[in-house]
Amino acid sequence: MISTMSRGVPPPPNYFDIPDLPLYTPATESTSQLLPPPWDRTQSRETCSNSNSNTEYIYTSQDITLNLGPRVWPTHAAAYPLGGVVEGVIELPNLKFVTRVDVKLVGVQTNCLTDRGLAIGQTQREVANVSQNLFTATRDTESPSQQPRFEFSIPIPQYIQGGMEPLPPSFFAFHPRLTSEIKYVIKVDVSKKGLRRHSRFVLPTVSQLISEFGYSLKSVIYYLPATFSPSPQFPVPIDAPRIPLPINSKGETDVTSDLQLPHPKRYPSSASIPFTLTLTCPSSPIVTRLLLQNINIELIRKVVLNVGGNRSTRETMMGRGEVWAVDEQTEGKFIIHGSVQNNKKESESSWHVPNAIHVQYAIKVTISQSRELSGTLPLPSIRHEEPIVLTTHDTQQNTGEPFPVIGMLQSVRGTNQLGIGDNSPQLRI
């Protein structure tokens, strides 16, 4: 073996001599600057910035400043409850050539059909449209000595425009080939006379929007309404309505089954929902005993999207049932008592936009033979989904003071956690 040192070749470097790393901390020193996250760094074609302070929601464009008031809730941007009112102040540099100032709240539900990443179909519905005129110039209008300042107050409607369905919350859902989004937009419109540019300020409620003149903001406003219902009776009352469950069998069978739930079937999303399941087979008690070994009860959520006849359903399990007791009343008749609870408390609510999107919940019951007996003993099976209605809160939590449901932010695009947004492409209004 020839030594490398005899030829004058230097030895390889010592890769284990790693210098000490600096101590990282979220606090900045006097000589350092904390950069904003990537979703706040995008610059538009014109000057437009989000100058939110720690205490207020303030947004500025080239010639419009919008202040939506103090930060009441722990969110990156303002959130509004059921029956909420959008209040704020608009400031302009002056009223020279200004003929009209308007502010508008617009809510739009958009479903988009895609194929290989390209949009091939889209349906839109305006679910809310409330406008307010703040200024109209007349011949006698004089330019104010101080900076023009306009206060406004726009109540959020409780029902969809042109209907009696409750106004849906801010929402985003992505299915294969289908996308749905609900967003609410604050628009500030400043009209000017003559051949002068018409100024417009657009504040998006879900994520970035760009106005006709390129104003762009990275800020969000959410509509997160709370709904209420009383807690269910516990356990299920004996006289609760019995829901017969369909029996799937290859031959004749006398197996019967029914489900009992507290009535009415409207529960808080944080409540434990009790159930009573009855399974009977008088002619062959062994059949019921075998079916008892493979009973599965779940709380599921279904999001149904519809675009021009193209329908898509996505199912998510929200909670798995637990059995407390199994009573054998007579030979071949068993009564199963248990409950099922939502894994995401105070964040789920049933709602829909007709012919566009439905958010539904159901108690799903599945009874079948175990895999060990599959193919050896033909047993009947049961599969049933019983629709229910979920609300975000219990009636006892309704203190009369409206509040936004912060947990619903998980169903909005770009809000994986509070205060975080993204800069992904958006459906345009």
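Is histidine 175 buried or exposed at 2% relative accessibility? In this predicted model, histidine 175 counts as buried, because its relative accessibility is 2% and the cut-off for buried is under 20%.

**View 1. Surroundings of histidine 175 in strand 9.** Histidine 175 belongs to strand 9, which spans residues 171-175. When residues up to four places away in sequence are not counted, the residues that histidine 175 touches are Val303, Leu305, Ser312, Thr313 and Arg314. One of these contacts, valine 303, is 128 residues apart from histidine 175 along the chain, yet the C-alpha atoms of the two are separated by 9.3 Å.

**View 2. The second largest cavity, lying between domain 1 and domain 2.** The structure holds 3 cavities of 30 Å³ or more, and the second largest cavity has a volume of about 110 Å³. Because domain 1 (56-211) and domain 2 (213-225 + 232-397) both give residues to its lining, this cavity lies between them. Its lining comprises 13 residues, of which Phe171, Ser347, Trp351, Met408 and Ser411 lie nearest the centre, and by residue class the lining divides into 7 nonpolar, 4 polar and 2 charged.

**View 3. The largest pocket and the strands that line it.** The largest pocket, with a volume of about 370 Å³, is lined by 17 residues, and those nearest its centre are Val72, Trp73, Ala79, Tyr80 and Val85. At least two residues of the lining come from each of strand 3 (65-70), strand 4 (79-80) and strand 5 (85-91), with strand 3 giving the most, at 3 residues. The lining of this pocket divides into 11 nonpolar, 3 polar and 3 charged residues.

Note on methods:
Residues numbered from 1 in each chain as written. Predicted model: local features only at pLDDT ≥ 70, side-chain atom pairs only at ≥ 80, totals over all residues. Heavy atoms only, no water. Helix = DSSP H or I, 4+ residues; strand = E, 2+ residues; numbered from the N terminus. Buried < 20%, exposed > 50% of the residue type's maximum accessible area, 1.4 Å probe, protein only. Contact = heavy atoms within 4.5 Å. 1 Å grid on protein atoms, 1.4 Å probe; cavity = no way out; pocket = protein on both sides within 12 Å on 5 of 7 lines; lining within 4 Å. Points joined across faces, edges and corners; volume = space filled by probe spheres on them. Nonpolar A, V, L, I, M, F, W, Y, C, P; charged D, E, K, R; others polar. Domains from an automatic or database assignment.
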